[in-house]
Amino acid sequence: NAGTGYQSLTISGTSMASPHVAGAAALMRQINPDWSVYDVKAALINTANNNITTEDGMTTYGATRTGAGRMDVGSAAATDVIAYSTRRPDQVSVSFGNVEVVGTATADVSITVENLGATAASYGVSLVEFTSVPGVTFSVAPATVNVPAGGTALVTLTMNATAASMQYTPEATLEINEVRRFLAEASGVVQLTATAT
């Protein structure tokens, strides 16, 4: 019966996620009342973890299908540093879009790392790949960033693609049949790991 707590059901989807995200955002605004909506959004997405994997835990779902992972409100509440698209500060994720490659192609996107706190922070920068496409590689630079209190630093994500090596490859978690179409997609996360300042 509704409201009794008897025979509860755990299911997923937007209708289940929305109230949890709204509640987490409300808590973040309570903790940081001077943060913008975009600051709160970035903190919640940046600190999400526990990536979604197949039942055997061996394969991670692509970011397009699952987003940044599961929220970790404790980590979001503890962070003073956020990262977001330099070109579109309202967006946390960055994308190269649907790239048509003839011969070779190279493209860069910039990520702003902003320190909203009163203490300088330093991070190692790395790339964690979720899904890949043969012939497409990514790199990040610099290898470390130092972000002063109240300041910013930039990280560049670079894509290199070679048409002759590329293959139309579905994500490993995608069930393909004769009627399902897919977009070959490489995805991952730029990971910032705190280091001593």
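Serine 122 stands opposite asparagine 146 in strand β5, where strands are DSSP runs of E with at least two residues and helices are runs of H or I with at least four, both numbered from the N terminus. The structure is a predicted model, in which local features need pLDDT of at least 70 and side-chain atom pairs count only at pLDDT 80 or more, whereas totals for chains, interfaces and linings use all residues. Residues are numbered from 1 along each chain as its sequence is written, and side-chain values use heavy atoms, with hydrogens and water left out.

The pair formed by serine 122 and asparagine 146 belongs to the antiparallel pairing of β3 (residues 121-131) with β5, which extends over 4 bridges; two strands are taken to pair if DSSP finds at least two bridges between them. Serine 122 also stands opposite threonine 195 in β7, and β3 and β7 run antiparallel with 9 bridges joining them. The three strands form an open antiparallel sheet in the order β5-β3-β7. Because β5 and β7 (187-195) stand at the edges with a single partner strand each, one side of each is left without a neighbour in the sheet. The twist from one strand to the next averages 35°, with axes being lines fitted to C-alpha atoms (for helices over the stretch in contact) and angles running from 0 to 180 degrees between N-to-C directions.

In a regular strand the side chains alternate between the two faces of the sheet. Strand β5 (residues 144-147) shows such alternation, with Val145 and Val147 pointing to one face and buried, while Thr144 and Asn146 point to the other and are not buried. Here buried denotes under 20% relative accessible area, exposed over 50%, and partly exposed the range in between, with a 1.4 Å probe and protein chains only. Ahead of β5, proline 142 lies in the loop between β4 (136-141) and β5, and the peptide bond leading from alanine 141 to proline 142 is cis, with omega near 0°. Most residues other than glycine have a negative phi, and most peptide bonds are trans.

At the edge strand β7, serine 187 counts as buried because its relative accessibility is 11%. The side chain of serine 187 is joined to that of threonine 131 by a polar contact of 2.8 Å, a term that covers a pair of N or O atoms within 3.5 Å; within protein, one atom must be able to donate a hydrogen and the other to accept it, and residues adjacent in sequence count only if both atoms are side-chain atoms. Apart from residues up to four places away in sequence, serine 187 touches Gly62, Ala63, Glu129, Phe130 and Thr131, contact meaning heavy atoms within 4.5 Å.

Further pairing involves β2 (residues 104-115). Strand β1 (residues 81-85) pairs with β2 in the antiparallel sense over 5 bridges, and isoleucine 82 has glutamate 114 as its bridge partner in β2. Strand β2 is also joined by 11 bridges to β6 (residues 152-162), again running antiparallel, with valine 155 in β6 as the bridge partner of isoleucine 111.

Two residues of β2 illustrate contrasting surroundings: asparagine 115, located in β2, is buried at 1% relative accessibility, whereas alanine 107, also found in β2, is partly exposed at 26%. The side chain of asparagine 115 reaches the backbone nitrogen of glycine 117 at 2.8 Å, and, leaving aside neighbours within four places in sequence, the contacts of asparagine 115 include Asp80, Val81, Val147 and Gly151. Alanine 107 touches Phe96, Leu157, Thr158 and Met159, with residues up to four places away not counted; the C-alpha atoms of alanine 107 and methionine 159 lie 5.3 Å apart, although 52 residues separate the two in sequence.

A search of the whole structure finds 1 salt bridge, defined as a side-chain nitrogen of Lys or Arg within 4 Å of a carboxyl oxygen of Asp or Glu. The side chains of arginine 88 and aspartate 90 meet in it at 2.9 Å, N to O; arginine 88 is partly exposed at 34% relative accessibility, and aspartate 90 is partly exposed at 23%.

For the chain as a whole, there are 4 helices and 7 strands, running α-α-α-α-β-β-β-β-β-β-β from the N terminus on. Buried residues make up 26% of the 197 residues, and, among contacts with a separation of 6 or more, 68% are between residues 24 or more positions apart.
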